[in-house]
Amino acid sequence: MTDTELRTSGTTESTVSGAWAVLLPAERYEAERLVHHDTLELTGLDGVARPRPGDPVAVLVDEPLRLVALGRVALATAETREDPDDPQSEAGPGELVVSYTRRVLDEPVPVHDVALDGPVTGLDLAAWGQLAALLGPPPARRSWLVSLDLPIEAASPAEAVRLFWSYVQELGPRELPAFVSPSGDELAMQAYVLGVAANQDPEEDD
């Protein structure tokens, strides 16, 4: 079910306990922008209100307040990764899991007249619907070509591949530029680092 389906399918307050706003710390927001995740797993929420599975969620960041995603509360797993940007990080107990239904991580939408009282704030369904309406219809999806080229010295192709994946895991999206272009329009290729367009031509910097 998508965010728009909640508003149009006849779902009522009798089938959900309420709606919620989740406030992401700045560093967690940056991590969500770097690597795709189907769910948002939050820990360290002792003493805050506990949303129920199925409740709709608006995900926001502060300073200034902006809407970055919509989702629904999912069943918490037995464990979750403390650092979603690091698959090798130690696992800890999962506390709140949100399944994304819509993301605007790269183009956050300014939000006004919403008061938050902590990392998790209860909302009425009407207020959540107003936030969801700010996003408008989802954009059309298209095909993209994404590549990562690394010059690697090795004794064999197999060793070169192993070294390639070692570098990818070690450096990740914070240091390695990925090149992306619309499928069929390779001349429009653009490098991205840290989730944003980055100039890779040193002559253009002069």
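**Figure 1. Leu 145 and its bridge partner in β11.** In this predicted model, Leu 145 has Ser 181 of β11 as its bridge partner. Trp 144 is likewise matched with a residue of β11, namely Pro 182. The strands β10 and β11 (residues 178-182) are joined by 4 bridges and run antiparallel. On to the next strand, β11 pairs with β12 (residues 190-193) over 3 bridges, again in the antiparallel sense. One of the residues involved is Ala 178, whose bridge partner in β12 is Tyr 192.

**Figure 2. The open sheet that contains β10 and β11.** The sheet has 4 strands, in the order β10-β11-β12-β13, and its pairing is antiparallel. At its edges lie β10 (144-147) and β13 (196-197), each of which pairs on one side only. Strands of a sheet pair through backbone hydrogen bonds, either parallel or antiparallel.

**Figure 3. The hairpin of β3 and β4.** These two strands pair in the antiparallel sense over 6 bridges. Within the pair, Ala 58 stands opposite Leu 70 of β4. The hairpin has 4 residues between its strands. Glu 63 is found in this loop between β3 and β4, and so is Pro 64. Glu 63 has a positive phi of about 60 degrees, although it is not a glycine. With a relative accessibility of 72%, Glu 63 counts as exposed. The peptide bond that leads from Glu 63 to Pro 64 is cis, with omega near -5 degrees.

**Figure 4. Strand β4 and its other partners.** Of the 9 residues of β4, 7 are buried, and the strand is mostly covered. Besides the hairpin, β4 takes part in an antiparallel pairing with β7 over 6 bridges. Val 73 stands opposite Val 98 of β7 in this pairing. A further 2 bridges join β4 to β8, and these strands run antiparallel. There, Arg 66 stands opposite Pro 110 of β8.

**Figure 5. The loop between β8 and β9.** Asp 113 is placed in the loop between β8 (109-110) and β9 (120-123). Asp 113 has a positive phi of about 60 degrees and is not a glycine. The relative accessible area of Asp 113 is 82%, so this residue is exposed.

**Figure 6. The largest nonpolar core.** This core has 18 residues. Those with the most contacts inside the core are Leu 24, Leu 40, Leu 42, Val 57, Val 59, Val 68 and Leu 96. The elements that give two or more residues to the core are β1 (19-24), β2 (39-42), β3 (56-61), β4 (66-74) and β7 (96-103). A second, separate core has 15 residues, including Ala 21, Val 109, Val 111 and Ala 132. In soluble globular proteins, nonpolar side chains tend to be buried together.

**Figure 7. The surroundings of Leu 24 and Glu 32.** Neighbours within four places in sequence are left aside here. Leu 24 is then in contact with Tyr 29, Glu 32, Leu 40, Leu 42, Val 59, Leu 60 and Val 61. Among these residues, Glu 32 lies in helix α2 (residues 26-34). Glu 32 has a relative accessible area of 3% and is therefore buried. Its side chain is joined to that of Tyr 100 by a polar contact of 2.7 Å.

**Figure 8. Helix α3 and its two sides.** In α3 (residues 125-133), the buried residues are Trp 128, Gly 129, Leu 131 and Ala 132. Seen down the helix axis, these buried residues fall within an arc of 160 degrees, so they line one face of α3. On the other side of the helix, Ala 126 and Gln 130 are exposed. At the start of α3, Asp 124 has a side-chain oxygen within 3.2 Å of the backbone nitrogen of Ala 126.

**Figure 9. The whole protein, for orientation.** The secondary structure comes to 5 helices and 13 strands. The protein has 206 residues, of which 33% count as buried. Its accessible surface comes to about 12700 Å², and 52% of this belongs to carbon and sulfur atoms. Among contacts between residues at least 6 apart in sequence, 65% join residues at least 24 apart.

Conventions:
Residues numbered from 1 in each chain as written. Predicted model: local features only at pLDDT ≥ 70, side-chain atom pairs only at ≥ 80, totals over all residues. Heavy atoms only, no water. Buried < 20%, exposed > 50% of the residue type's maximum accessible area, 1.4 Å probe, protein only. Arc of directions from axis to C-beta. Polar contact = N/O pair within 3.5 Å; in protein donor to acceptor, adjacent residues only side chain to side chain. Pairing = 2+ DSSP bridges. Contact = heavy atoms within 4.5 Å. Areas by Shrake-Rupley, 256 points an atom, 1.4 Å probe, with all protein chains shown as cover. Core = buried A, V, L, I, M, F, W, Y, C linked by side-chain atoms within 4.5 Å.
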